[in-house]
Structures are given as C-alpha cells and as structure tokens.
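Please open the model in your viewer and keep the sequence beside it, so that each selection on this tour can be followed from one stop to the next.

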Amino acid sequence: MISFRRMNIDDLILFKKWLFTPHVAKWYHDPLDWIDEIEKQDNEFNWIYHFIVAYEGTPIGFCQYYACKDSDELWEGYTALGGSYSIDYMIGEIDYLGKGFGRQIVSELIEKVKLHNDAMRIVVQPEPENKASCGVLLSCDFVFDTEKEIYVKQLNHKSVIKQ
C-alpha cells in the first residue's frame, strides 16, 4: 500500500534526482521550474498540494493537485467552467515502474480532490506519447476528450437525501 505525506524542503534533493532521471526527464520538462515551485510551496505556490509518495515507508515518487482556477492555465476551457482540478504524478524510482503504483497514486489523488466541496472534475493533459500515463488515467475512469485532447474525470459527490 502506498502513502502520501506533505512534501517539504528536505525532499528537494530526492526530487531533483528524480527530475533528472531519464524516465522522468522525458516527461517533466523544465526541471528548474518544478524545483522553483517546490522551493516556493509555502508562499507563491501555496495553492498547490505537493506530496511525496511512499511504499512501505520508502519514497518512490511525487504527486500534486491544485484547483485550475488558481493557476494561469486555461485547460482548454475547463478552468472557466469552475470546479476543475488538475493532478501531476511521477514514479521517480525506476524499480517501482510497471507495478501498478501509478494507478494507486491517481486513485488516491482523486479521493483527495473529492474532499473539496467545489470539485466537479479533474483534468489532465499528459503528452500523447506517454502511453503509460494515458493508460493509468483510462484505468481510473478518465475519459479522453478527443476534441480538446485532454483527459477528464467527472466527480460524483455523495449527496445528502432529505427525508
């Protein structure tokens, strides 16, 4: 089973290592921007929820989520709809690739986003060549919007039934 813990500045050394590992660097372009975001997570980027993913206590990856309205990204019109969130995730440790951890990470991120009362959907736009990530999203019931080329998961909140 995996666990999440809030990322802190002490995790930056490991995060940098992961960003420059070939299987991560292939998809996480502009590593200095990612590093800057983590360094400023308590002020300028405090609207992003950053986590270290661990398996049996060993850090294996990174993930984050945020409300699209707080970013400067338009998300192909989904930001304007309101209630849109986005996620990012990576498995940094190569020995943990291809073992189902990506699906577990995305499933846990979905549950965290659902805790926000305004959350109506999650939107993600991995590169089309990132077949592993695209497959993980589909396995977690995201739907590919072919017109906008973006993965979308509508969130169902439990409604209270009045009697």
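Begin with the largest pocket of this predicted model, which holds about 1200 Å³ of space. To find its middle, select Trp-27, Tyr-28, Trp-34, Asp-88 and Tyr-89, which lie nearest the centre among the 44 residues of the lining. Then colour the elements that each give two or more residues to this lining, namely α2 (22–25), α3 (31–39), β3 (58–67), β4 (84–91), α5 (101–114) and α6 (131–139). The largest share comes from β4, with six residues. If you colour the lining by class, you will see 21 nonpolar, 11 polar and 12 charged residues.

Next, select helix α3, where Pro-31, Trp-34, Ile-35, Glu-37 and Ile-38 are the buried residues. When you look down the axis of α3, these buried residues fall within an arc of 155°, so they line one face of the helix. On the other side of α3 you will find Leu-32 and Asp-33, both of them exposed.

Helix α6 can be viewed in the same manner, with Ser-133, Cys-134, Val-136 and Leu-137 as residues that are buried. Seen down the axis of α6, its buried residues stay within an arc of 160°, and they therefore line one face of the helix. The face of α6 that is turned away from this buried side carries Lys-131 and Ala-132, which are exposed.

Now turn to the aromatic rings, of which the structure holds 13 pairs. Select Trp-47 and Tyr-66, whose ring centres are 5.6 Å apart and whose planes stand at 85°, so that the pair is edge-to-face. This pair links distant parts of the chain, since Trp-47 sits in the loop between α3 and β2 (48–55) while Tyr-66 belongs to strand β3, 19 residues apart. Are the two partners buried or exposed? Trp-47, at 22% relative accessibility, counts as partly exposed, whereas Tyr-66 is buried, with a relative accessible area of 4%.

Stay with the rings and select Phe-4, Tyr-49, Phe-51, Tyr-65 and Tyr-85, which ring pairs link into a cluster. For a contact of another kind, select Tyr-78 together with Lys-148, which lies over the face of the tyrosine at 4.8 Å from the ring centre.

The next stop concerns the backbone. Most residues other than glycine have a negative phi. Select Asp-30, in the loop between α2 and α3, where phi is positive, near 55°, in a residue other than glycine. Then go to Glu-56, in the loop between β2 and β3, which has a positive phi of about 50° although it is not a glycine. With 65% relative accessibility, Glu-56 counts as exposed.

For the last selection, choose Arg-5, which is placed in strand β1 (residues 2–6) and counts as partly exposed at 36% relative accessibility. Add Phe-62 to the selection and draw a line between the two C-alpha atoms: these are separated by 9.7 Å, while the residues themselves are 57 apart along the chain.

Key:
Residues numbered from 1 in each chain as written. Predicted model: local features only at pLDDT ≥ 70, side-chain atom pairs only at ≥ 80, totals over all residues. Heavy atoms only, no water. 1 Å grid on protein atoms, 1.4 Å probe; cavity = no way out; pocket = protein on both sides within 12 Å on 5 of 7 lines; lining within 4 Å. Points joined across faces, edges and corners; volume = space filled by probe spheres on them. Helix = DSSP H or I, 4+ residues; strand = E, 2+ residues; numbered from the N terminus. Nonpolar A, V, L, I, M, F, W, Y, C, P; charged D, E, K, R; others polar. Phe/Tyr/Trp six-rings, centres within 6.5 Å; stacked < 30°, edge-to-face > 60°. Buried < 20%, exposed > 50% of the residue type's maximum accessible area, 1.4 Å probe, protein only. Lys NZ or Arg CZ within 6 Å of the ring centre and 35° of its normal. Arc of directions from axis to C-beta.
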